[in-house]
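Biologist: I've never read a helix-rich fold before. Could you walk me through one?

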Amino acid sequence: MLVAPAPRGGLVRLTWMSRVTLVLTAVAGLAAFAWPLIIPPTWDLPATQAPLVFAVVLPFVLAVVLSELGSSGMDAKSLAMLGVMTAVGAALRPLGAGTAGLELVFFPMIVAGRVFGPGFGFAMGNLSLFASAILTGGVGPWLPYQMVASGFVGFFAGLLPPAGRRWELVLLGAYGALASFAYGWLMDFAFWPFGVGSHTQFSFDPAAGALENIHTFVLYNIATSMGWNLGRAVTTVLMIAVMGGPLLSILRRSVRKAHFVPATG
């Protein structure tokens, strides 16, 4: 039988410093993805170099936030559970990645973020993508972006409002679909300016306004990535519908038996 849903914010509480660090990391992450709208054309930073600059900076930002979460936002039992869930995510990702957009890794990080809170979800999203990249050899300039984007998936899952047993899976399924599309949009947007060249109808125009470039990107994304995003969303929703209830029950039961003590701050 399913236990009652966790209160908003999850079972692993964060210190005020962890919250500030997460907010700053979120701002830095959004800047890394939205750089085509932030960097003016007068800056001497070619489109092929901007994502690489952020790819170098982001690991240091992630190291800071993960260090803060580990030192003050989570106790030893929380970190042990983080290791278990990260291993699950890392093992699931190679089973679907690269096949019509199928992604199994978002399911456990959404459920874990729901149960343990946004800090746990953010850390799990980062570490799961990092571990899976090491296992599959998928290390490259795109990896920091994948880590931040998946961290957002787990982070916002921990901020979802309370819901009763009947509606909780519906809420998680709807969020999973939206998060799956958002992940694809973020990843595409960061590398879009040089991904299609500079002389096509879908090309980024550094001299154009933000709204014009967003309109062009929407057309580009629909034409090239809709199938992948849809496959990711369908897979995530199906996993939540079939396995979400049992996994929620298992995680919450483990919390009760382990006597998790939320960190205070």
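Biologist: How are helix 7 and helix 8 oriented to each other?

Modeller: Keep in mind that this is a predicted model. To read a pair of helices, look at the angle between their directions; over 145 degrees counts as roughly antiparallel. Here the axes of helix 7 and helix 8 cross at roughly 155° and come within 10 Å. Helix 7 and helix 8 are therefore roughly antiparallel to each other. The crossing of helix 7 past helix 8 is right-handed.

Biologist: Which residues of helix 7 and helix 8 meet?

Modeller: On the helix 7 side, look for Y145, A149, F152 and F156, among others. Their partners in helix 8 include Y175, Y183, L186 and M187. Sorted by type, the residues of this contact are 13 nonpolar, two polar and no charged.

Biologist: And what about helix 1 and helix 7, at what angle do they pack?

Modeller: About 130°, with the axes 10 Å apart. Angles that fit none of the parallel, antiparallel or perpendicular ranges count as oblique. Helix 1 and helix 7 are therefore oblique to each other. Helix 1, residues 16-33, passes helix 7, residues 143-157, in a left-handed crossing. Helix 1 brings L22, A26, G29, L30, A32 and F33 to the contact, and helix 7 brings Y145, V148, A149, F152 and F155. That contact has 10 nonpolar residues, one polar and no charged.

Biologist: F33 caught my eye. What does F33 touch?

Modeller: Leaving out residues up to four places away in sequence, F33 touches Y145, V148, A149, F152, L186, M187, F189 and A190. F33 also belongs to the largest nonpolar core, which has 43 residues. Along with I110, F116, F120 and L251, F33 is among the members that touch the most others there.

Biologist: Which helix supplies the largest share of this core?

Modeller: Helix 7, with nine residues. Several other helices supply at least two residues each, including helix 1, helix 4, helix 5 and helix 9. Another core lies apart from this one, with five residues, among them F189, F204, F217 and Y220.

Biologist: Let's zoom out. How many helices and strands does the protein chain have?

Modeller: Nine helices and zero strands. Of its 265 residues, 48% count as buried.

Biologist: How much of the contact total comes from residues 24 or more positions apart?

Modeller: Take the contacts with a separation of 6 or more: residues 24 or more positions apart account for 80% of them.

Terms used
Residues are numbered from 1 along each chain as its sequence is written. This is a predicted model: local features need pLDDT of at least 70, side-chain atom pairs count only at pLDDT 80 or more; totals for chains, interfaces and linings use all residues. Side-chain values use heavy atoms; hydrogens and water are left out. Axes are lines fitted to C-alpha atoms, for helices over the stretch in contact, and angles run from 0 to 180 degrees between N-to-C directions. Helices (H or I, at least four residues) and strands (E, at least two) are DSSP runs, numbered from the N terminus. Angles under 35 degrees count as roughly parallel, over 145 as roughly antiparallel, 65 to 115 as roughly perpendicular and the rest as oblique. A crossing is left-handed if the near helix is turned anticlockwise from the far one by less than a right angle, and right-handed if clockwise. Contact means heavy atoms within 4.5 Å. Ala, Val, Leu, Ile, Met, Phe, Trp, Tyr, Cys and Pro count as nonpolar, Asp, Glu, Lys and Arg as charged, and the others, Gly among them, as polar. A nonpolar core is a set of buried Ala, Val, Leu, Ile, Met, Phe, Trp, Tyr and Cys residues joined through side-chain atoms within 4.5 Å. Buried means under 20% relative accessible area, exposed over 50%, partly exposed in between (1.4 Å probe, protein chains only).
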